[in-house]
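Work through the exercises below with the structure in view. Each task is followed by its solution.

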Amino acid sequence: MDYRFDPEQDYVVVDIETTGAWSSGDRITEIGAVKVRNHQVVDEWQSLVNPQRPIPAKIVELTGITNQMVRDAPVFHEVADSFMAFMGDGIFVTHNVSFDYGFVSYEYVRLERRFRFPKLCTCAGMRRRYPGHKSYGLGKLCAIYDIELEDHHRALCDARAAARLLNLINKKRDDGISAEAAQAA
């Protein structure tokens, strides 16, 4: 499904780090979010989150987020209002939307709250607009398109990189629409 780009629309590019892969059993350890309006980053939001369970060693190795780092961090319900306010009327964008959206919405379900936003996936968008790559992982795409990814697997860094991918997708989409309009003229 294609979408119409609205320059006044907020796209909230989100990335999370977690204790594992299962939203029903694992928990969020970090959330990073970048608000994009008209191709420009207009705001950022980030928080470590106490997952209220140990972070497995392989996850610590991957993310660099340790149990000590999250011990005094807020638990999810303490950041839920702030994150919801940051989302505003935005579109929830992430590099693997089913994973991140699933985790975040499940955290709100635990609080008996709704988390419903339109979703957009930069991984799917890159596959559609930039076909032919062997891998569409965030790290691989950043290397191909020369996007800075200094602290991969930290939420705000990954959200910033995914925001750059969103801009590539929107530019390619807008160029395609302009070409179609020129052909029709």
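Rings of Phe, Tyr and Trp (its six-membered ring) pair if their centres lie within 6.5 Å. The model used here is predicted.

**Exercise 1.** State how many aromatic pairs a search of the whole structure finds, then classify the pair Tyr101 and Phe115.

Step 1. The search of the whole structure gives ten aromatic pairs.

Step 2. For Tyr101 and Phe115, the ring centres are 5.5 Å apart and the planes stand at 50°. Planes under 30 degrees apart count as stacked and those over 60 as edge-to-face, with the rest tilted. The pair is therefore tilted.

Step 3. Tyr101 belongs to helix α4 (residues 97-110), while Phe115 lies in the loop between α4 and β5 (119-121). The two are 14 residues apart, and the pair links distant parts of the chain.

**Exercise 2.** Decide whether Tyr101 and Phe115 are buried or exposed, and find what else surrounds these rings.

Step 1. Buried means under 20% relative accessible area. Tyr101 has 11%, so Tyr101 is buried. Phe115 has 5% and therefore counts as buried too.

Step 2. Phe115 also pairs with Phe117: centres 4.8 Å apart and planes at 55°, so this pair is tilted. Phe117 is buried.

Step 3. One aromatic cluster includes Tyr101, Phe115 and Phe117, with Trp45 and Phe76 also among its members.

Step 4. Over the ring of Tyr101 sits the charged end of Lys119, 4.4 Å from the ring centre.

**Exercise 3.** Explain why the buried residues of helix α5 line one face.

Step 1. Helix α5 covers residues 122-129, and its buried residues are Thr122, Cys123, Gly125, Met126 and Arg129.

Step 2. Viewed down the axis of α5, these buried residues fall within an arc of 165°, so they line one face of the helix.

Definitions and conventions
Residues are numbered from 1 along each chain as its sequence is written. This is a predicted model: local features need pLDDT of at least 70, side-chain atom pairs count only at pLDDT 80 or more; totals for chains, interfaces and linings use all residues. Side-chain values use heavy atoms; hydrogens and water are left out. Buried means under 20% relative accessible area, exposed over 50%, partly exposed in between (1.4 Å probe, protein chains only). Helices (H or I, at least four residues) and strands (E, at least two) are DSSP runs, numbered from the N terminus. The arc is that of the directions from the helix axis to the C-beta atoms. A charge sits over a ring if NZ of Lys or CZ of Arg is within 6 Å of the ring centre and within 35 degrees of the ring normal.
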